[in-house]
Amino acid sequence: MKLRRWDAKSRLVQRVGAVGAAAALAVVGTVSTAGAATPDLGSGRVLGKSELAFYPSHHGGAAASSRVIHCEMVFIGANHGAPHHSGHVPGTVNVRVRVTCTQPVRMIRAKIGLFSNHGSKINPYGSVGRAAARGNAALVCRTGYYQGESAAQITAPPGYTPHTANMGAKTSKVHLTRC
């Protein structure tokens, strides 16, 4: 299966791996202000939270610094948002994520994935002209390992730099039983 990750030059690259069903989690773009995650269940690197900032194109002292737009991606729930048994749909495992910015942005375009040794599920989420977006992904519960991951491309309003930026995060790998 093809998996995607960010290289040291902040460009989206492909790598080959084998985890569950064929799936790819990607957001198009080349500017990254936060390291994006790789859906590799064996990886030790966990980024449960990711942040970035957009700056006014024409810096104007203290007034301009108050207009900086800060955005963050956070997995929602206990244990830093790790995949968990759903409280709403019995017999499923889910993961939830939220992207929030301090001011409305032009667009948030994102995907969230739930990866397991039994398969994967990737769902798109996003918003236009808002300061936040939420997403979730769920799988039928089977005893095994689960990990969540999300990647987002955020487009700033006119007059901000960078014009677009990418961010990504993933949860820790958890072993769930009692399905």
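**Exercise 1. Locate T155 in this predicted model, classify it as buried or exposed, and list its contacts beyond the sequence neighbourhood.**

Solution.
- Step 1: T155 belongs to strand β10.
- Step 2: Its relative accessibility is 6%. The threshold for a buried residue is under 20%, so T155 counts as buried.
- Step 3: With neighbours within four places in sequence set aside, T155 contacts V105, R106, M107, H163 and T164.

**Exercise 2. Determine how many disulfides the model contains and which pattern they follow.**

Solution.
- Step 1: A pair of cysteine sulfur atoms qualifies within 2.5 Å.
- Step 2: C71 and C101 satisfy this criterion, with an S to S distance of 2.1 Å.
- Step 3: C141 and C179 also satisfy it, their sulfur atoms being 1.9 Å apart.
- Step 4: The count is therefore two disulfides.
- Step 5: When the bonded cysteines are counted along the chain, the pattern reads 1-2, 3-4.

**Exercise 3. Assign the handedness of the disulfide between C71 and C101, then describe its setting.**

Solution.
- Step 1: The torsion about the S-S bond of C71 and C101 is about 110°, so this disulfide is right-handed.
- Step 2: The bond links distant parts of the chain, with C71 in strand β4 (residues 69-76) and C101 in strand β6 (residues 92-101). The two cysteines are 30 residues apart.
- Step 3: C71 has a relative accessibility of 2% and is therefore buried.
- Step 4: C101, with a relative accessible area of 9%, is buried as well.

**Exercise 4. Carry out the corresponding analysis for C141 and C179.**

Solution.
- Step 1: Here the torsion about the S-S bond is about -50°, so the disulfide of C141 and C179 is left-handed.
- Step 2: This pair, too, links distant parts of the chain, its members being 38 residues apart. C141 occupies the loop between β9 (132-140) and β10 (144-155), while C179 lies in the segment after β13 (174-176).
- Step 3: The relative accessible area of C141 is 9%, so C141 is buried.

**Exercise 5. Describe how strands β7 and β8 pair, and place K111.**

Solution.
- Step 1: Strand β7 (residues 107-116) pairs with strand β8 (residues 119-128) in the antiparallel sense, over 10 bridges.
- Step 2: The connection from β7 to β8 is a hairpin through two residues.
- Step 3: One of the bridges sets R109 against G126 in β8.
- Step 4: K111 is located in strand β7. Its relative accessibility of 31% is the reason why K111 counts as partly exposed.
- Step 5: The C-alpha atom of K111 is separated by 6.5 Å from that of A152, although the two residues are 41 apart along the chain.

**Exercise 6. Identify which residues of the largest nonpolar core touch the most other members, and which strands supply the core.**

Solution.
- Step 1: The core has 32 residues, of which F54, C71, M73, V99, Y125 and I154 touch the most other members.
- Step 2: At least two residues come from each of β3 (49-56), β4, β6, β7, β9, β10, β12 (164-170) and β13.
- Step 3: β6 gives the largest share, five residues.
- Step 4: Outside four places in sequence, the contacts of F54 include C71 and I154, both of which are also named in Step 1.

**Exercise 7. State how many aromatic pairs are found, and which residue lies over the face of Y145.**

Solution.
- Step 1: The count of aromatic pairs is zero.
- Step 2: K173 lies over the face of Y145, 5.2 Å from the ring centre.

Conventions. Residues are numbered from 1 along each chain as its sequence is written. This is a predicted model: local features need pLDDT of at least 70, side-chain atom pairs count only at pLDDT 80 or more; totals for chains, interfaces and linings use all residues. Side-chain values use heavy atoms; hydrogens and water are left out. Helices (H or I, at least four residues) and strands (E, at least two) are DSSP runs, numbered from the N terminus. Buried means under 20% relative accessible area, exposed over 50%, partly exposed in between (1.4 Å probe, protein chains only). Rings of Phe, Tyr and Trp (its six-membered ring) pair if their centres lie within 6.5 Å; planes under 30 degrees apart count as stacked, over 60 as edge-to-face and the rest as tilted. A charge sits over a ring if NZ of Lys or CZ of Arg is within 6 Å of the ring centre and within 35 degrees of the ring normal. Two strands pair if DSSP finds at least two bridges between them. Contact means heavy atoms within 4.5 Å. A nonpolar core is a set of buried Ala, Val, Leu, Ile, Met, Phe, Trp, Tyr and Cys residues joined through side-chain atoms within 4.5 Å.
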